[in-house]
Structures are given as C-alpha cells and as structure tokens.
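Trainee: Could you take a close look at one part of this model for me, and then build the rest of the picture outwards from there? I would like the cut-offs as we go.

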Amino acid sequence: MHFSKSVFLLFVSSFILFSCSSDIEPIDPALQPGGGNSGGNGSGGGVSTGDYWPMAQNNSWTFSQNGVPQAPMRITNTEQINSRTYYAYENFVGVSLGGSNFTGTVHSRKANGNYYVRNQVTIPGTGGNPTITVSPLEILVLKDFLEVNQTWTQELTQTTTITGTPPINTPVSIVGKILEKNASLTIGSTTYTNIIRVELVQTTQGVVNTNYYWFAKDIGLVKYQMILQGSNLVYELQSYNLN
C-alpha cells in the first residue's frame, strides 16, 4: 500500500505523515504525534514562573514555515479527558489536522509549570487498505521553572493498531533541556523578550528527531524548528490574537 507524503507537524514532537511499502510496518513515533501513554520521570511539577503558553478559546497564532505563511493555529474549545481540561486546536503550527488521508487531533494543557501536548491520528482504510490508528500520546514540552541546562526525560510507549493485526508497541525516549531563559528573539521587525528556549530530542528505533522551541512569556510559541533526517523546518510567528 502507499500513502502520499505530506507534513503533519506537531508542536513538541513532529507529525510527519509517511509513505510505506507493500509490507505493513509499525509507524515510527518519531514521524507521528510524539509522546507516550506511559509516564517517564519528567512529570513532576513545580512553581510556575509565568504563562508561556496562554490557553483560552479562540486564542490564535499565525506562523510562516520557511518564509511561507500558514493557516492560523487556533484553540477551538476545551474538552475533559481523564478528568483534566485540555484545549483543542484546528491547526497546529499552521498545519491542518485533517485531510483525505488522515484525521488528527491535538490538545494542550498546563499543570504546575508543566506544558503538555496530546495527540492522536487515524488513517482510514480506503481502497482495500487497512485502518491505522495511533494511540493518544502526551509529550511534556516545557517545564518553565527549571534553570538553564536542567533536563527532564520521558520513556514512553506508542501503540499502533492496524486492522487485522495485533497492536504494535514502540518505545519512545525523550530528553528535554532548557537552553536559555529571559532571552530575546527578533523575527522581522518584532523583538520578543522573556523567552525560554527548549531542546527536545526524541529517539525512536534509532531515529533521532531534534526539536527546538522558543516560548515567550504571555504570548506562547514564537518559533519552532524541527531537524529530522536531513529536513530542517522552521516556523516563525507572524501575528497572534489572545483573549
């Protein structure tokens, strides 16, 4: 079977849709909504130092990808999942979460200075192909109370289900690190201050996916960079609207 290549980029850990051969293989979590449904040792919270990702319905951020304007990333509503309040998005960093080849959901939440992204993707069975679902996975993308050079880790499991075959469990290792605090960043004519810069390295089946995030206090994500197997995608904030 063959799926067309397209980018489905998730903020904390990239979504990249793939092409696969005639053999059914596990979907690489480094190329899918990253995170885990089993916890690591990075979940402990602390005293938050501010709001580095304002979450409210209709908040929106518009990015460019390598200079090309993208659709706004907008919070559409809140949902209760496992007795926690999550915020749902219609686009994420400007990338559509739906299409003829897949359906994705992205949620975020904050708790005690920890910021999480929760993702799920389904590829419907068409043309005789099986349906593929990837379990909801949650990544810790920022701990705003840590100091520069402090780190956290997550050892996670991604479950891929392909119709007619047993579930495939794939281990995912994530290491987060605070690279800068109280930094500044200029994008075009705008300079953002009070920035925390984060590195998040995700390793899955020997594939390393390196992500960098720039979070500005009271604004949210202002820049995101993903480096994976020769690809270097850069998303930069062009405008935002907060409620």
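**A hairpin and what surrounds it**

Mentor: Happy to! Let's begin where strands β11 and β12 meet: in their hairpin, with two residues between the strands, Gly188 takes a positive phi near 60°. Before going on, note that this is a predicted model, in which local features need pLDDT of at least 70 and side-chain atom pairs count only at pLDDT 80 or more, while totals for chains, interfaces and linings use all residues. Residues are numbered from 1 along each chain as its sequence is written, and side-chain values use heavy atoms, with hydrogens and water left out.

Strand β11 covers residues 168–187 and β12 covers residues 190–204; they pair in the antiparallel sense over 11 bridges. (Strands are DSSP runs of E with at least two residues, helices are runs of H or I with at least four, and both are numbered from the N terminus; two strands pair if DSSP finds at least two bridges between them.) To find your place in this ladder, look for Ile174, whose bridge partner in β12 is Gln202.

Strand β12 also has β13 (residues 207–216) as a partner, again in the antiparallel sense, this time over 10 bridges. Here Ile196 has Phe215 in β13 as its bridge partner. This second hairpin likewise has two residues between its strands, and Gln205 takes a positive phi near 50°.

Staying on β13, have a look at Asn211, which is placed in that strand. Asn211 counts as buried because its relative accessibility is 0%. (Buried means under 20% relative accessible area, exposed over 50%, and partly exposed in between, using a 1.4 Å probe and protein chains only.) The side chain of Asn211 makes a polar contact of 2.6 Å with the side chain of Tyr224. (A polar contact is a pair of N or O atoms within 3.5 Å; within protein, one must be able to donate a hydrogen and the other to accept it, and residues adjacent in sequence count only if both atoms are side-chain atoms.)

From there, step back along the chain to β3 (residues 73–81) and β4, which run antiparallel and are joined by six bridges. In their hairpin, with two residues between the strands, Asn82 takes a positive phi near 55°. Strand β4 spans residues 84–89 and contains Tyr89, the bridge partner of Ile75. Tyr89 is buried, its relative accessible area being 6%. The C-alpha atoms of Tyr89 and Met73 are 6.8 Å apart in space, although the two are 16 residues apart in sequence.

The side chain of Tyr89 has two polar contacts to inspect: one of 3.2 Å with the side chain of Trp53, and one of 2.7 Å with the side chain of Ser108. Ser108 leads us to β7 (residues 103–111), which runs antiparallel to β4 and is joined to it by two bridges. In that pairing, Tyr87 stands opposite Ser108.

Now for the charged pairs, of which there are four salt bridges, counted where a side-chain nitrogen of Lys or Arg lies within 4 Å of a carboxyl oxygen of Asp or Glu. One of them brings the side chains of Arg74 and Glu90 together at 3.0 Å, N to O. Arg74 lies in β3 and Glu90 in the loop between β4 and β5, so this pair ties together parts that are 16 residues apart in sequence. Arg74 is partly exposed at 25% relative accessible area, and Glu90 is partly exposed at 37%.

Another joins Glu138 to Arg109, with their closest N and O atoms 3.0 Å apart. That pair links distant parts of the chain, Glu138 being in β9 (residues 132–143) and Arg109 in β7, 29 residues apart. Glu138 is buried at 14%, and Arg109 is buried at 8%.

Finally, zoom out. The chain has 15 strands and zero helices, and buried residues make up 50% of its 243 residues. Among contacts with a separation of 6 or more, 53% are between residues 24 or more positions apart, where contact means heavy atoms within 4.5 Å.
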